Structure formats: C-alpha cells, structure tokens
Amino acid sequence: MQKIEAIIQPGKLDAVKEALIEAGIEGITILEARGHGRQKGHTEFYRGREYAVDLLPKIKLETVVSDELAEKAVNAIIGAAQTGSIGDGKIFITRVDDAIRIRNEDRGEAAL
Amino acid sequence: MQKIEAIIQPGKLDAVKEALIEAGIEGITILEARGHGRQKGHTEFYRGREYAVDLLPKIKLETVVSDELAEKAVNAIIGAAQTGSIGDGKIFITRVDDAIRIRNEDRGEAAL
Amino acid sequence: MQKIEAIIQPGKLDAVKEALIEAGIEGITILEARGHGRQKGHTEFYRGREYAVDLLPKIKLETVVSDELAEKAVNAIIGAAQTGSIGDGKIFITRVDDAIRIRNEDRGEAAL
Ligand SMILES: Nc1ncnc2c1ncn2[C@@H]1O[C@H](COP(=O)(O)OP(=O)(O)OP(=O)(O)O)[C@@H](O)[C@H]1O
Ligand SMILES: Nc1ncnc2c1ncn2[C@@H]1O[C@H](COP(=O)(O)OP(=O)(O)OP(=O)(O)O)[C@@H](O)[C@H]1O
Ligand SMILES: Nc1ncnc2c1ncn2[C@@H]1O[C@H](COP(=O)(O)OP(=O)(O)OP(=O)(O)O)[C@@H](O)[C@H]1O
Ligand SMILES: [Mg+2]
Ligand SMILES: [Mg+2]
Ligand SMILES: [Mg+2]
C-alpha cells in the first residue's frame with residue numbers, strides 16, 4: 001500500500017477529486033494547509049491576484065491506495081492539477097504498512 | 001516506531017482520546033479534515049442528519065508510538081470509534097525512522 | 001528522501017520558517033493542529049496564560065528533503081523552536097519513496 005500526498009492549488013480540488021474517482025480511487029482525505037515552494041520572495045497568482053509567496057493557501061489531499069493503483073492515482077492528480085505555472089504543487093509517495101476499516105476491522109488492501 | 005493515523009467521526013474524538021490515554025499513549029496530534037470513503041454519491045449520517053457523501057467533516061488523529069504499543073493503540077481506537085455503521089473511519093500504519101523531543105533533544109523511543 | 005514533520009508552538013512558526021530557508025530548505029507545508037504530549041492533566045503556558053493541557057493549538061510543519069539535508073533541517077527546527085520548556089514540540093522523520101513536481105513532472109530529489 002502507498003500513501004499519495006498531494007499539495008495542490010485550492011481551485012483544483014474538485015477536478016482532482018473527480019479524476020481520482022474516475023481512476024477508481026475510493027477514499028480521500030483533505031486538509032487545509034499553507035505552504036511555499038521555491039519562489040520565496042517572488043510572487044504567485046492566487047484567485048487572479050498576485051501575492052508575495054510567503055505561505056499561500058494550499059489543499060493537502062491524501063489517499064492510501066494499493067501498489068497497483070499508485071501510478072494511476074499520481075497520473076490522475078497530475079492530469080487534473082497541472083497548468084504549467086509555478087505553484088502547481090507537489091506529490092509525495094510513502095509506503096504504508098497496514099490499513100484498517102474501523103467498521104468491520106478489515107485489514108490491508110481490503111480496507112482501502 | 002510507528003505512526004498510527006486514524007480518520008474518525010468528529011463526535012468520537014473525546015472517546016478515542018480517552019481510550020488512547022488509558023492505553024498508555026502519551027502524545028497525540030489532531031487535525032480537522034474532510035473526506036470520503038466508498039459511499040460517494042450515497043449518503044451518510046452526520047450529527048443526526050443525512051448528507052450526500054461528498055466531503056464530510058472528519059478528525060485526523062496521529063500518534064507515533066513504539067512498535068510494542070502499536071497494536072494496543074489500534075485496538076484502543078477501534079474500541080472507541082467503532083459503531084458498525086458506514087463512515088466509522090480508517091486507520092493507517094506507517095514506519096517512522098526517528099523522533100526528537102525538541103526541549104531536550106531526546107531521540108528515538110525515548111522521545112515519544 | 002525524508003519527510004520531516006515538526007509539531008511546534010504556534011509562536012515559533014516564523015522563526016522556524018526562517019531557519020529552514022537559511023538552511024537551504026525550499027519547500028514547506030504548514031497545518032493548524034491541536035495536541036498534547038506527556039503533561040495530560042498538568043498545565044502548559046500558551047500566550048502567557050496557563051492552560052490545563054488537554055488539546056492545545058500547535059503548528060504542524062512538513063518538509064520533504066534529500067537525505068543529505070535531513071539532519072540540517074532537524075537542527076534548524078531545533079535551533080529555532082527550542083526554549084527548554086515543556087511543550088516545545090516533537091520532530092518525526094519518515095522515509096519518502098518518491099516526489100513529483102506537478103508543473104513539469106520532475107521526479108525524485110529534482111522535484112524537491
Ligand atoms: N519539499 C517540500 N516539502 C513539503 N512541502 C512542499 C515541498 N515543496 C513544495 N511543497 C508544498 O507544495 C506547495 C506547492 O509547491 P510548488 O508547486 O510551488 O513547488 P515548487 O518546487 O516551487 O515548484 P514550481 O517551480 O513549479 O512552483 C508549497 O506551497 C508547499 O505547500
Ligand atoms: N484509502 C483512503 N485514503 C485516505 N483516506 C481515506 C481512505 N479511505 C477512507 N479515508 C478517510 O476516512 C474517512 C472515513 O472513511 P470510511 O469509514 O467511510 O471508509 P469506507 O472504506 O467507506 O468504509 P465504510 O464502508 O465502513 O464506510 C473518509 O471520509 C476519508 O477521510
Ligand atoms: N508521540 C506523539 N505522536 C504524535 N504527536 C505527538 C507525540 N508527542 C507529542 N506530539 C505532538 O507534539 C506536541 C508537543 O508535544 P510536547 O512537546 O509537549 O511533547 P512531550 O513529550 O510532552 O515533551 P515535553 O516534556 O518537553 O513537553 C503535542 O501537543 C502533540 O501535538
Ligand atoms: Mg513554487
Ligand atoms: Mg464510507
Ligand atoms: Mg509536553
């Protein structure tokens with residue numbers, strides 16, 4: 001199992017969510033975040049206005065998927081979040097050792 | 001060391017927190033989140049009302065524990081968060097390589 | 001690559017952010033959190049007032065860095081966040097398997 005964490009522009013959340021569902025990814029968790037990448041001191045556009053890049057609002061999306069679906073999930077996120085402009089975001093991939101569905105105590109990939 | 005991440009119903013936070021403390025787990029971090037599992041397009045109950053399951057409010061709880069305490073922590077969370085209804089939540093387990101207590105620079109399990 | 005997660009006092013965020021930038025760390029993500037460590041039932045100071053330590057406001061900062069920069073990042077966080085008082089916070093280190101820059105699909109350390 002792998003955890004895919006994506007930090008994306010808030011305005012891309014709906015498109016990314018739909019792309020993941022179409023790719024067969026069933027569970028996602030969303031967190032409100034702030035962040036900066038490499039353009040510290042430079043500017044970035046947010047909702048059509050230019051901001052000094054200090055800590056801009058970002059969405060952090062997390063989905064734990066089977067190894068088999070991981071690359072598909074990554075491509076879904078890229079396909080929906082990429083504009084080609086700075087600030088499009090990042091994806092990080094980490095190995096997850098176990099998953100449990102609290103309702104029925106399913107374990108492993110069956111719990112995803 | 002292992003990181004236990006649990007996404008639970010917000011109304012279960014107090015019970016889960018108490019169960020972890022009783023299990024000897026000393027440190028926890030809580031984040032406000034939103035999410036959906038497998039019932040996209042179906043409905044789920046939140047505070048007694050029925051919602052279309054798009055992105056419902058969830059609590060994300062994180063605790064880093066010794067390997068020895070990991071299964072105890074998982075059982076404490078399940079025991080307090082399980083109702084048997086859809087939407088009860090998920091637990092994910094990931095290996096953590098090091099921990100540091102900032103106050104005194106303790107490292108590893110001594111820092112938990 | 002390694003993910004450094006630091007849970008710090010909210011008042012230390014600016015100092016920690018500056019210390020990371022000076023250490024050459026370019027990307028960071030910030031989340032608002034709440035938490036408790038070992039002093040459950042005891043008290044902790046927050047903005048000059050004493051609180052029963054239940055769930056106090058904390059900042060969770062995440063940065064994914066090359067293996068080479070990991071120890072430097074940890075030292076920057078400690079240097080800026082340590083006061084010697086209880087509640088200074090924790091750092092957790094986890095291995096990250098891949099990173100992707102969404103704008104141009106850079107992978108691995110080139111994406112950080
Ligand atoms: N190394 C990192 N660790 C943790 N979070 C990061 C890292 N890099 C970027 N982020 C998060 O991703 C968000 C978007 O980053 P961003 O897309 O600006 O990356 P970048 O490397 O500057 O690429 P670009 O040149 O395309 O802007 C940041 O605001 C931050 O929240
Ligand atoms: N694979 C996953 N990756 C990341 N977050 C997930 C995943 N699955 C579930 N979640 C999070 O956990 C929350 C609760 O999920 P939920 O309990 O509805 O899972 P489920 O698989 O639909 O099980 P059930 O059939 O019991 O409802 C979701 O709202 C989401 O925030
Ligand atoms: N084991 C842990 N797992 C997850 N989060 C933790 C853990 N320990 C601490 N935290 C988070 O870090 C915050 C700060 O912890 P704190 O610095 O009080 O740790 P402590 O072990 O009690 O050390 P001290 O004795 O210096 O206070 C907590 O409020 C919580 O959010
Ligand atoms: Mg950038
Ligand atoms: Mg569900
Ligand atoms: Mg403490």
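## The A–C interface and the site of ligand 3

In this predicted model, 32 residues of chain A are in contact with 29 residues of chain C. About 2,600 Å² of area is buried between chain A and chain C, and carbon and sulfur atoms give 55% of this area. On the side of chain A, the residues A:R34, A:H36 and A:R38 lose the most area to chain C, together 23% of what that side buries.

The rule finds four salt bridges across the interface of chain A and chain C. In one salt bridge, the side chain of A:K60 meets that of C:E62 at 3.2 Å, N to O. Across this interface there are also 16 residue pairs in polar contact. Four elements of chain A, β1 (2-8), β2 (28-36), α2 (67-81) and β6 (89-95), give two or more residues each to the side that touches chain C. Of these, β6(A) gives the most, with seven residues. By class, this side of chain A has 13 nonpolar, eight polar and eleven charged residues.

A second topic is ligand 3. Residues from chains B and C surround ligand 3, so the site is shared between chains. Among the 21 residues around ligand 3, those that come nearest are B:T29, B:R103, C:R38, C:G87 and C:G89. The shell comprises five nonpolar, nine polar and seven charged residues. The table gives distances from protein atoms to ligand 3.

| Residue | Protein atom | Atom of ligand 3 | Distance |
|---|---|---|---|
| B:V64 | backbone N or O | nitrogen | 2.9 Å |
| C:H36 | backbone N or O | oxygen | 3.1 Å |
| C:K90 | polar side-chain atom | nitrogen | 2.8 Å |

On its own, ligand 3 has 610 Å² of accessible area, of which the protein covers 99%.

Technical notes. Residues numbered from 1 in each chain as written. Chains lettered and ligands numbered in written order. Predicted model: local features only at pLDDT ≥ 70, side-chain atom pairs only at ≥ 80, totals over all residues. Heavy atoms only, no water. Near = heavy atom within 4 Å. Polar contact = N/O pair within 3.5 Å; in protein donor to acceptor, adjacent residues only side chain to side chain. Areas by Shrake-Rupley, 256 points an atom, 1.4 Å probe, with all protein chains shown as cover. Nonpolar A, V, L, I, M, F, W, Y, C, P; charged D, E, K, R; others polar. Contact = heavy atoms within 4.5 Å. Buried area = accessible area lost by both parts, 1.4 Å probe.
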